[in-house]
Amino acid sequence: MPPPPRRPVHPPRKPGLHAASKPPPGEHGWDPVATWYDKLVGESGSDYHRQVILPATLRLLAPQPGESIIDVCCGQGVLLKPLLEAGVGQVTGIDASPRLIAAAKARHGAERRLAFITADVCVPGAWADGSHDAATCVMAVHDVADPVALFSNLARVLKPGGRAVLVLMHPCFRIPRQSHWGWDADQKIQYRRLDAYGSPQDIPITTHPGKNSGEQTLFHHRPLAELLTALGKSGLAVTACEELYSHRRSQAGPFSKAEHRAAQEFPLFLALTARRLQALTGK
Ligand SMILES: C[S@@+](CC[C@H](N)C(=O)[O-])C[C@H]1O[C@@H](n2cnc3c(N)ncnc32)[C@H](O)[C@@H]1O
C-alpha cells in the first residue's frame, strides 16, 4: 500500500468554479449565473479560451469564407467574433439562457451576419434544419444533461457531410470533486488522482464560493465511451481527436519541474471533430 501523499497539490482553477457539496435547491442552468459568466469570459474569453480553446476550435474547424456556421451553446458569444473575422457568411448562436443570448446580442448584435436563437438544444426545433456547413459546441457538452439529444440535434443542424467541432473538459482527467493533483514525495512526481470515472454523475458547481449566493450549475460527467457512442448513435462520425494541455506554467520553485511535467502529461480538454453521416438514424 503506497503512503498517502504528503503534500496535496491543487491545480490553478478557473476563478469561481468550485464543486459544491449539495445540489442547489431551485433552478439549475446558466440563466441565473449569466452575469457572472459574462464577466468571467468578457470580450475575448478566459485565458484558457484565448490561449487553448479558441485557437484549437478555429484550427480544427477551418472556417471558410461564405460558410454558414452555428455555435451550439454559444453562451455570451465568445466564439462569434473570431468566426466573423474568419469571413464566414452567416453565424448563428444558440443557447438556452435568455440572459446569455442578450449578452451576446449586446456585444455583437449590430453585425448583420449574426443571428441568435434562444432554445434548449436537447429539444428538436426548426433550427435543426440541415442547412449549416459546420457547427461548434465549445465547453458545453458537460453542461447539457442529455448528450444523445444534444448530438442528435447537432447532426440535424448540419448539411449531410457537414462538420462539427466539440471542445469539452477532458472526461478522463477533469471531473469536479473526483479528480485531483497529488504529490508523491518518494518519486518526486505530481500525479493525477481519480476517485471515480466510470459512473455518470451530475455534479453541482457553485459559481461564487464564499459568497453563499446559492448560484450553481450542474456539471454532467459522462465516461468517454458513453460520449463517443452517443455521437455515433446521433449520426456523427468522429474524424479527429486532440487532447489539449494547459498553457499555464508554475512559478520557479522546488515543485516547478514536477508541476511542469504534470501539465504536459495530463490534458485539460478534449477536442473532437466529426462529420454528419449522410443518413441519420438517431432519435
Ligand atoms: C460553460 S458555458 C459555455 C458557453 C460558451 N460556449 C463559452 O465557451 O463561453 C455552457 C453553456 O451551455 C448552455 N447550455 C447548457 N445546457 C443547454 C441546453 N440544454 N440548451 C442550450 N444551451 C445549454 C448554457 O446556457 C451555457 O451558455
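Q: In this predicted model, which residues of helix α4 are buried?
A: The model is a predicted one. Helix α4 spans residues 98-108. A residue needs 20 or more other C-beta atoms within 10 Å of its own to be buried. In α4 the buried residues are L100, I101, A103 and A104.

Q: Why do the buried residues of α4 lie on the same side, and what arc do they cover?
A: An α-helix has 3.6 residues a turn, so residues three or four places apart point the same way. The buried residues of α4 are L100, I101, A103 and A104. They are on the same side of α4 because the arc they cover around the axis is only 155°.

Q: Which exposed residues does α4 carry on the face turned away from its buried side?
A: The buried side of α4 holds L100, I101, A103 and A104. On the face turned away from that side, the exposed residues are P98 and A106.

Q: What covers the buried residues of α4?
A: The cover includes two helices and two strands by label, and each can be located by its residue range. The helices are α1 (34-41) and α3 (80-85). The strands are β3 (90-95) and β4 (114-118).

Q: Is K39 buried or exposed?
A: K39 is found in helix α1, one of the elements covering the buried residues of α4. A residue with 12 or fewer C-beta neighbours within 10 Å is exposed. K39 has 11 inside 10 Å, so K39 counts as exposed.

Q: How far apart in space are K39 and Q76, C-alpha to C-alpha?
A: In sequence, K39 and Q76 are 37 residues apart. In space, their C-alpha to C-alpha distance is 9.5 Å.

Q: Which residues come nearest to the ligand?
A: There are 18 residues around the ligand. By class, 13 are nonpolar, two polar and three charged. Those that come nearest are W30, C73, G75, A96 and S97.

Q: Which strand gives the largest share of the largest nonpolar core?
A: This core has 57 residues, and A135, C137, L154, A164 and V167 have the most contacts inside it. Beyond four places in sequence, A135 touches I69, I70, V72, L154, V157, L158 and A164. The largest share of the core is seven residues, from strand β6 (residues 158-169).

Q: Over which residues does pLDDT stay under 50?
A: The protein averages a pLDDT of 89, and 87% of the residues score at least 70. Where pLDDT is low, the predicted coordinates should not be read in detail. The stretch where pLDDT stays under 50 is residues 1-27.

Notes:
Residues are numbered from 1 along each chain as its sequence is written. This is a predicted model: local features need pLDDT of at least 70, side-chain atom pairs count only at pLDDT 80 or more; totals for chains, interfaces and linings use all residues. A residue is near a molecule or strand if its C-beta atom, placed from the backbone, lies within 6 Å of it. Ala, Val, Leu, Ile, Met, Phe, Trp, Tyr, Cys and Pro count as nonpolar, Asp, Glu, Lys and Arg as charged, and the others, Gly among them, as polar. Helices (H or I, at least four residues) and strands (E, at least two) are DSSP runs, numbered from the N terminus. The arc is that of the directions from the helix axis to the C-beta atoms. Two residues are in contact if their C-beta atoms, placed from the backbone, lie within 7 Å. pLDDT is the predictor's confidence in each residue, from 0 to 100. A nonpolar core is a set of buried Ala, Val, Leu, Ile, Met, Phe, Trp, Tyr and Cys residues joined through C-beta atoms within 7 Å.
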